[in-house]
Amino acid sequence: MTELNARENQKANPFLSEVAQASGEKISACFQCQKCSAGCPIAYAMDVLPNQMLRHIQYGHREKVLTSNTIWICASCYTCSVRCPNNIDIAKIMDTLRALAVHSEFKPGEKDIPIFHSAFLDTIKSRGRIHELSLILQFKSKTKDFFKDAALGWKMYRKGKIKLLPSKFCGGKKEVKEIFNAFEKGARQ
Amino acid sequence: MKEVSYYPGCSLHGTAREYDDSIRGVSKLLDIQLYELEDWTCCGASSAHCTDEKLAIDLAARNLGLAEKNDRDLLVPCVACYSRFKAAEKEVKEHPEKVHLSYHGNVPIRYALDFFCDDGILEEVKKKRAKSLSGLKVACYYGCLTVRPPKMTGVREYENPQHMDRLMKTLGADPVPWCYKTDCCGASLVMTRTDIVKKLNDRLLSMAMEAEADCLVTGCPMCQANLDTRQGELEKETGKRYNLPILYFTELMGLALGHKDVRKWLHRHITDPMKILSAKGLM
């Protein structure tokens, strides 16, 4: 553990130490230069800017951080991470925060995105590979928004871009199920 | 004859079929033998690493373990898969105890664009080129995860990469300088926050047009689908005219190498590339 992480723990700020430890990143090294937010292509739609996010973590504002829409709409493009003068991998911290948010008592700051991720993982678990049409139908059955993009879907179908049936494939499915079972057991503990 | 293992990934069996077909077609012309990994499974993509790091690493490591069984490099055409594989590779090298599956970090993972931009292959392309793409102005769009984070990708010029530009020049095309080469298109939000994706698309397409590009070239199935499919919708909302074809770099390679199926690949695009290519005398 780095010196900075250890110092963070001493400050008795449980949320800061939790995020620092899970991400392995030196969150207290942020000095608010705001380069992350300046380069972020999605900053305009975020309720908490990336630099503000780091400050909120330093302050231990758990609810503010875990209920933000920022952690969900971050596209993981790593622009912030490569431009940070203190080498803080901010995109990696966003991953950590999403995982913490999923297991928290709070309602997520974005409605559809966590639903999409869970539909995506369900599809991998049951089929081993992603069959795009199955994924879309599963996502739509959860969000009840059947008409959005229907016209585009038809256009893509006519261009031969939509495969109606999943490919016949059985190898590897069992192993993927085992990976998920191990993960679910771990997550339940 | 060069031999590589091939992990197409889920998109290339669906919306990005033409990318898969053009990689296979071009490889054949360049004497590269592809061995598709048997029983490959999904890499986990964004949804796995957005949910749980360990799950993400395991889903990627399973495929890398399969590839490690033989002595070949692994060719990966999808940027999302590539990024997840490089993350798993980093994890197994730094924390081998955290990876439970049989994978030891010994397989070279090659992103398709990087692979086809190798000096040896560029030489081969130069030798076998049947047609020069001269007069075709292309905006090389690298996107985010092809170059970032450089500690995983190893790309040195990650703010202004040049390798696709070099490949395009080898084909005879004219890559234009533009400033959004590595800006994100937001593809992982395409189903959920389409509003954000459209805004990013408008920025990218408008900038490529300002740079007077005839088309945009990519090596990412998500960027391609994202930028190609929504131009009509976007035109209605912004009042602008885009009509900018979004091509895979392998399709242009096929065109320059004289592959017989180029028309079939290009026909699957929503924004029609035929008009501009015919106008330039290339089809």
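This tour moves from the whole complex to chain B and then to the contact between chains A and B.

Begin with everything displayed, and keep in mind that this is a predicted model, for which the predictor gives the complex an ipTM of 0.92 and a pTM of 0.93.

Next, select chain B and colour it by pLDDT: the mean for this chain is 95, and 100% of its residues reach 70 or more. Switching to a cartoon view of chain B brings up 14 helices and 8 strands. If the view is aligned with the principal axes, the C-alpha atoms of chain B fill a box of roughly 55 × 45 × 30 Å. The radius of gyration of chain B is 18 Å, which agrees with the value near 19 Å for a compact globule, because that is what 283 residues would give. Colouring chain B by burial then marks 58% of its 283 residues as buried. A contact map of chain B is also worth opening, since among contacts between residues at least 6 apart in sequence, 79% join residues at least 24 apart.

Now select the residues of each chain that touch the other, where 42 residues of chain A are in contact with 42 residues of chain B. On the chain A side, step through helix H7 (79–83), helix H8 (90–102), helix H9 (112–127), helix H10 (132–143), helix H11 (150–158) and helix H12 (173–188), each of which supplies at least two residues to the side that touches chain B. Pause at H9(A), which gives the most to this side, with 7 residues. Finally, colour the side of chain A that touches chain B by residue class, and 23 nonpolar, 9 polar and 10 charged residues appear.

Conventions: Residues numbered from 1 in each chain as written. Chains lettered and ligands numbered in written order. Predicted model: local features only at pLDDT ≥ 70, side-chain atom pairs only at ≥ 80, totals over all residues. pLDDT = per-residue confidence, 0-100. Contact = placed C-beta atoms within 7 Å. Helix = DSSP H or I, 4+ residues; strand = E, 2+ residues; numbered from the N terminus. Nonpolar A, V, L, I, M, F, W, Y, C, P; charged D, E, K, R; others polar. Rg over C-alpha atoms; globule rule 2.2 N^0.38 Å. Buried ≥ 20, exposed ≤ 12 C-beta atoms within 10 Å, placed from the backbone.
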